[in-house]
Amino acid sequence: MPLLDIRQLAIHFHTESGVVEAVKGINLTLEKGETLAIVGESGSGKSVTGMALTRLLPEPPTKYASGEIIFDGKDVLKMRADDLRKLRGGRIAYVFQEPSTSLNPVFTIRNQIAEAIRLHRPEVKNLDAEIVKHLELVGIKDAAARLHSYPHQLSGGMQQRVMIAMALSCQPDLLVADEPTTALDVTIQAQIMDQFRELRRTLDMAIILITHNFGIIDGFADKVAVMFRGRIVEHGSTREVLTNPQHPYTKALIQCIPRLGAHQKRLITIDHAALDALERK
Amino acid sequence: MDALKLFTDVFGAAFFFALGFVFLWWVAMPPLFIPWMRSDREAWERWGSWSTLLLAGVVAMYYGVRYFIQLPSWLSGDLLLVGGLGGVTFLLVRAASSERWERALRRFRGDRLGLAALSVVCLYIFVGALETFRLPMGEFGAEKSLLDLIVQKIPNERSYSAPLASKLLNDTSAEPTPLNSNFHLLGTEQLGKDVFVETLKGCRTALILGGLTSAIYIPLGALMGLLGGYFRKWVDDLVQYLYSVLASVPEILLLVSIMFVQGQNRNLLGMSIALGVTGWVGLCRLVRGETMRQSERTYVTAARSIGQSHWQIMMRHLLPNVMHLVLINFVLGFSSIVLTEAVLSYLGVGCPVGTASWGLMIDSGRSELSRDPVVWWNLTAAAVALFGLVLALNLLGDSLRRAFDPKRS
């Protein structure tokens with residue numbers, strides 16, 4: 001039985017100007033310990049899919065029009081509120097895009113991680129030791145001294161590491177990283193991705209990486225799903241998709257990765273008119 | 001029976017003074033001095049909770065005893081004061097046990113202006129407490145406050161006399177009748193009472209009214225604002241509906257009608273309730289707006305994503321982020337509460353007759369200013385006392401805000 005099994009999931013937003021179909025019936029499976037990358041541009045429905053896993057989207061306007069999300073044998077869409085709360089953090093944890101606003105500015109990082117641990121692992125007695133352990137796990141040196149720092153005293157990369165530590169501290173089965181490196185500068189991006197690779201090796205945990213950047217998933221994800229306008233247009237092992245893309249959108253996305261030494265005059269962009277025509281066919 | 005009453009009163013007064021100090025210094029503070037407790041935060045928090053429960057138990061016992069021997073006016077000022085003291089202590093204890101507050105406390109100790117403001121506020125509270133505790137030591141068993149006992153040497157005059165004057169104001173005869181007292185520091189008012197003493201007595205009214213009203217309207221306004229701003233949709237509609245209705249009725253009309261309903265039984269508690277249920281609109285609107293802004297930020301989603309409940313998110317994440325508005329609102333609202341009391345008293349539905357209040361003093365000052373010679377001391381004394389309190393609270397509020405600001409390290 002797969003850890004996560006999404007079947008025919010459709011998500012609609014009921015806004016004042018009509019119904020927006022953000023996700024139009026997608027299927028995805030994820031085994032224990034497997035790594036999946038969901039790639040797509042803004043508005044393709046990739047973040048919405050990630051948030052839907054624990055029903056984080058505000059309802060209304062969000063409506064789960066059809067389908068089911070089976071996590072560990074139970075349908076998330078039919079769960080009661082308190083079961084959902086146990087699921088969130090305890091089994092599925094998140095890392096968000098914007099590290100500077102993901103941490104509450106008025107609390108120290110110790111405080112915030114302690115809160116997560118108290119919530120899901122009340123049996124932990126020595127909170128400080130546990131927190132330091134997880135901060136060191138995500139590559140924060142001198143973690144004990146950092147415990148009582150406020151978020152604004154940390155750099156963006158550090159903040160994101162703290163967020164990852166917070167997500168890991170509840171020992172989830174699945175970590176959803178929603179564009180975890182987008183708000184960071186390139187060198188820090190590389191460091192954080194290295195950290196993820198490291199964690200993937202050391203911890204037995206499934207990871208869903210949501211990104212718009214094909215460039216960072218190579219050598220990280222086992223599988224990749226390409227999302228385009230609410231649909232999964234291509235789904236397969238990372239190597240296969242990267243070397244032999246089938247869908248024109250995937251081809252276009254892969255072409256968009258800027259390469260050092262490739263003598264291009266202009267960066268390649270995606271021709272949406274052609275894709276529109278393709279969709280109408 | 002008289003002996004018993006005397007016992008419970010003296011016991012009560014002494015006990016609560018002692019308890020207040022003991023509580024502040026031995027319950028809230030020992031973790032600051034006892035190393036093992038400082039390092040074990042959980043123990044510290046347990047200590048705070050249990051000792052607060054203990055205080056609540058003792059208060060309940062005291063009032064149980066007083067109730068069963070059926071003393072009149074058992075719901076008197078000291079209940080309010082002790083309740084307030086208990087509340088503040090509870091907050092302090094819970095507070096001192098959290099890392100954030102401990103840091104703020106440490107920072108506050110280095111803030112001289114803040115400490116000065118705190119001592120001024122404490123001075124006001126001390127005077128208010130003196131006026132609050134009553135002992136049956138007057139003629140025919142009448143109750144007298146500790147403050148009355150302290151100033152009982154100061155006699156009344158027949159009418160107005162200027163500050164430090166040796167004769168009555170209207171005594172223009174060649175050989176004026178000497179006053180009953182050598183001098184009155186701030187003169188006497190129409191009925192011949194010493195203005196300085198009256199001003200001191202007014203502390204209690206102002207503090208109880210301001211404190212109690214704030215204790216009612218701040219939780220109400222903050223909670224409503226948080227609920228509306230966080231849940232949106234129909235909850236917000238309901239909150240908006242409530243405060244729009246309240247805001248559309250002229251406030252003074254609403255106040256007067258609530259006071260009228262209470263009839264002759266009205267007391268400071270009733271007045272605080274009236275001021276409280278009409279006064280939360282402004283705070284609610286502020287908090288609601290800021291909550292809406294804050295709940296857009298990712299940390300709220302992040303808090304949900306680790307499985308925190310709505311209540312935890314509102315109380316632990318959003319409330320601290322809107323607390324600065326609450327603090328400012330409290331400080332600014334305090335003086336307007338005291339002044340509203342003056343308006344109500346002027347309309348005849350305010351403080352019970354015979355209560356010393358700055359509001360009444362300022363109000364009577366209006367007509368006194370048009371006299372010839374002008375009677376300015378009554379108005380001035382009350383205004384300066386009010387000004388001092390509000391200024392001290394302002395500075396204290398500022399210092400607290402600075403001490404709690406995580407951006408200042």
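## Helix α9 of chain B

In this predicted model, helix α9 of chain B is largely enclosed by the rest of the structure, because 30 of its 37 residues are buried. The helix covers residues 195-231, and at 1.5 Å a residue it should span 54 Å. Its end C-alpha atoms are 52 Å apart, which agrees with that expectation.

What comes right after α9(B)? The next residue is B:R232, and its phi is positive, near 55 degrees.

## Two domains in chain B

Let's step back to chain B as a whole. The domain assignment splits it into domain 1, residues 2-144, and domain 2, residues 195-404. Where the two meet, 20 residues of domain 1 and 19 residues of domain 2 take part in the contact.

On the domain 1 side, the elements giving two or more residues are α5 (77-97), α6 (99-109) and α7 (112-132) of chain B. Which of them gives the most? That is α7(B), with twelve residues. By class, this side of domain 1 has eleven nonpolar, six polar and three charged residues.

## Where chain B meets chain A

Chain B also touches chain A, through a contact that takes 19 residues from chain B and 28 residues from chain A. On the chain B side, α6, α14 (298-305) and α15 (310-346) each give two or more residues. Helix α6(B) may look familiar, as α6(B) is also among the elements on the side of domain 1 that touches domain 2.

The largest share of the chain B side comes from α14(B), with six residues. Sorted by class, the side of chain B that touches chain A holds five nonpolar, nine polar and five charged residues.

## The sheet of chain A

Now turn to chain A, where six strands form an open sheet with mixed pairing. Their order is β6-β7-β8-β3-β9-β10, and the twist averages 15 degrees from one strand to the next. Why do β6 (92-95) and β10 (231-237) of chain A each have one side without a neighbour in the sheet? They stand at the edges, so each has a single partner strand.

At the β10(A) edge, strand β9 (residues 223-228) of chain A runs antiparallel to β10(A), and six bridges join the two. Within this pair, A:K223 stands opposite A:S237.

## The β6 edge and its helix

At the other edge, β6(A) and β7(A) pair in the parallel sense over four bridges. One example to look for is A:Y94, whose bridge partner in β7(A) is A:V176.

In a regular strand, side chains alternate between the two faces of the sheet. In β6(A), A:I92 and A:Y94 point one way, while A:A93 and A:V95 point the other way. Are these four buried or exposed? All are buried.

## Two loop residues in chain A

Two residues of chain A are worth a visit for their backbone angles. A:R55 is not a glycine, yet its phi is positive at about 55 degrees. A:R55 sits in the loop between α1 (46-52) and β4 (62-71) of chain A, and it counts as partly exposed because it has 19 C-beta neighbours inside 10 Å; a buried residue would need 20 or more.

A:D72 has a positive phi of about 55 degrees too, although it is not a glycine. Its place is in the loop between β4 and β5 (74-75) of chain A. With 16 C-beta neighbours inside 10 Å, A:D72 counts as partly exposed.

Terms used
Residues are numbered from 1 along each chain as its sequence is written. Chains are lettered from A and ligands numbered from 1 in the order in which they are written. This is a predicted model: local features need pLDDT of at least 70, side-chain atom pairs count only at pLDDT 80 or more; totals for chains, interfaces and linings use all residues. Domain bounds come from an automatic or database domain assignment. Two residues are in contact if their C-beta atoms, placed from the backbone, lie within 7 Å. Ala, Val, Leu, Ile, Met, Phe, Trp, Tyr, Cys and Pro count as nonpolar, Asp, Glu, Lys and Arg as charged, and the others, Gly among them, as polar. The expected span of a helix is 1.5 Å times one less than its number of residues. A residue is buried if 20 or more other C-beta atoms lie within 10 Å of its own, exposed if 12 or fewer, and partly exposed in between; C-beta atoms are placed from the backbone. Two strands pair if DSSP finds at least two bridges between them. Axes are lines fitted to C-alpha atoms, for helices over the stretch in contact, and angles run from 0 to 180 degrees between N-to-C directions.
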